[in-house]
Amino acid sequence: MNPDPLPAPVAARLRRPTWRDPRLLVGVVIVAVSVALGSWAVSSAGRTVPVYVADGTLTPGETVDVSRLRAVDVRIDSGVELYLRADQGLPEATVALRVVDDGELVARSALGDAAEVDVRSVPVPVDRSMSARVTPGSVVDLWAVPEAPAGARAQAEAPSPLVTGVVVEQVDEAGSGLVVSDGATLHVLVPSDDLPAVLRALADPGSVTVVPQAGGGA
């Protein structure tokens, strides 16, 4: 007796997914989020902010206007409010409160009112070799060197510091029209409290020596 034949398998009908299918909804959401994140990353990478940088070294007490600055586009992820933006107005009657090197981003904290800077520019003559070692913005010390005594057995007084950590505002080289000697002149920014001692030393028969601080270049 032959066994009964097995029924033929019936092919399952595939149902077209609909918007109610949760798997389709999840896939759409993933694709949308990926596109949004990619667009945000591209736009963020290309987003720049115009800010000011110093067009030359700025020294304390120097008036700062647009002629001493130049605008550059930079990408700053955070803290852009700490810098001077070029797309906003520049405050009037603004001076530098500290040294800002050429090409440095100008921080808002580096600028302020002239009343906050209590320094005076004092010219100090130096020789050519010294003037080549310092530039505007350099930090130097001033020392008083007494005049050598006339007698052979007379002992010279030891040099003494006048003021330390002063900033060089300007360097006038010989032959520039501002210097008539063979040397040069450094204009240093001396605090008002130290001004009498420095002026007295410059008027004495001795000399005032400029000593650059280590690492104090502009």
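Let me start with arginine 98, which counts as partly exposed because its relative accessibility is 33%, a value between the 20% that marks the limit for buried and the 50% above which a residue is called exposed. Please keep in mind that what we have in front of us is a predicted model, and that the figures I quote are computed from that model.

Arginine 98 has a charged partner, glutamate 104, and the two form a salt bridge in which the closest N and O atoms are 3.4 Å apart. Glutamate 104 also counts as partly exposed, with a relative accessibility of 26%. Elsewhere, salt bridges with shared partners join Asp55, Arg70 and Asp102 into one network, and a search of the whole structure finds six salt bridges.

Within that network, aspartate 55 and arginine 70 form a salt bridge with their closest N and O atoms 3.3 Å apart. This pair links distant parts of the chain, since aspartate 55 sits in the loop between S1 and S2 while arginine 70 belongs to strand S2, 15 residues apart. Aspartate 55 is partly exposed, at 36% relative accessibility, and arginine 70 is partly exposed as well, at 35%.

Now to another charged pair: are arginine 68 and glutamate 62 buried or exposed? Both of them are buried, and their side chains meet in a salt bridge with an N to O distance of 2.6 Å. For glutamate 62 the relative accessible area is 19%, and it is therefore classed as buried, given that the limit for that class is under 20%. Glutamate 62 lies in the loop between strand S1, residues 49-54, and strand S2, residues 69-74. If we leave aside its neighbours within four places in sequence, glutamate 62 is in contact with Thr57, Arg68, Thr94, Val95 and Ala96.

From glutamate 62 we can step across to leucine 97, for although these two residues are 35 residues apart along the chain, their C-alpha atoms are separated by 8.2 Å. Leucine 97 has its place in the loop between strand S3, residues 95-96, and strand S4, residues 111-112, and with a relative accessible area of 26% it is partly exposed. Again leaving aside neighbours within four places in sequence, leucine 97 touches Pro60, Ser109, Ala110, Leu111, Gly112, Asp113, Glu116 and Val117.

Let me now widen the view to the whole chain. The protein has three helices and nine strands, and if you read along the sequence you meet them in the pattern α-β-β-β-β-β-α-β-β-β-α-β. Of its 218 residues, 30% are buried. Among contacts in the protein with a separation of 6 or more, 64% are between residues 24 or more positions apart. The accessible surface comes to about 14500 Å², and 57% of this belongs to carbon and sulfur atoms.

Which strands make up the open sheet, and in what order do they stand? There are five of them, in the order S5-S8-S7-S6-S9, with antiparallel pairing. Strand S5, residues 119-126, and strand S9, residues 207-212, each have a single partner strand, so they stand at the edges and one side of each is left without a neighbour in the sheet. From one strand to the next the twist averages 45°. As a reminder, strands of a sheet pair through backbone hydrogen bonds, either parallel or antiparallel.

If we look at one pairing in detail, S5 and strand S8, residues 184-191, run in the antiparallel sense and pair over eight bridges; here valine 119 has proline 191 in S8 as its bridge partner. Across this sheet lies helix H3, residues 195-203, which crosses S5, S6, S7, S8 and S9 and runs at about 20° to S5.

That brings me to the nonpolar residues. The largest nonpolar core has 21 residues, and those with the most contacts inside it are Leu142, Val188 and Val210. The elements that give two or more residues to this core are S5, S6, S7, S8, H3 and S9. Apart from it lies another core, of eleven residues, including Leu58, Val100, Val106 and Leu111. In soluble globular proteins, nonpolar side chains tend to be buried together.

I would like to finish with leucine 142, whose contacts, not counting residues up to four places away in sequence, include Val124, Pro161, Val188, Val198 and Val210.

Terms used:
Residues are numbered from 1 along each chain as its sequence is written. This is a predicted model: local features need pLDDT of at least 70, side-chain atom pairs count only at pLDDT 80 or more; totals for chains, interfaces and linings use all residues. Side-chain values use heavy atoms; hydrogens and water are left out. Two strands pair if DSSP finds at least two bridges between them. Helices (H or I, at least four residues) and strands (E, at least two) are DSSP runs, numbered from the N terminus. Axes are lines fitted to C-alpha atoms, for helices over the stretch in contact, and angles run from 0 to 180 degrees between N-to-C directions. Contact means heavy atoms within 4.5 Å. A nonpolar core is a set of buried Ala, Val, Leu, Ile, Met, Phe, Trp, Tyr and Cys residues joined through side-chain atoms within 4.5 Å. Buried means under 20% relative accessible area, exposed over 50%, partly exposed in between (1.4 Å probe, protein chains only). Accessible areas come from the Shrake-Rupley method with a 1.4 Å probe; for residues, only the protein chains shown count as cover. A salt bridge is a side-chain nitrogen of Lys or Arg within 4 Å of a carboxyl oxygen of Asp or Glu.
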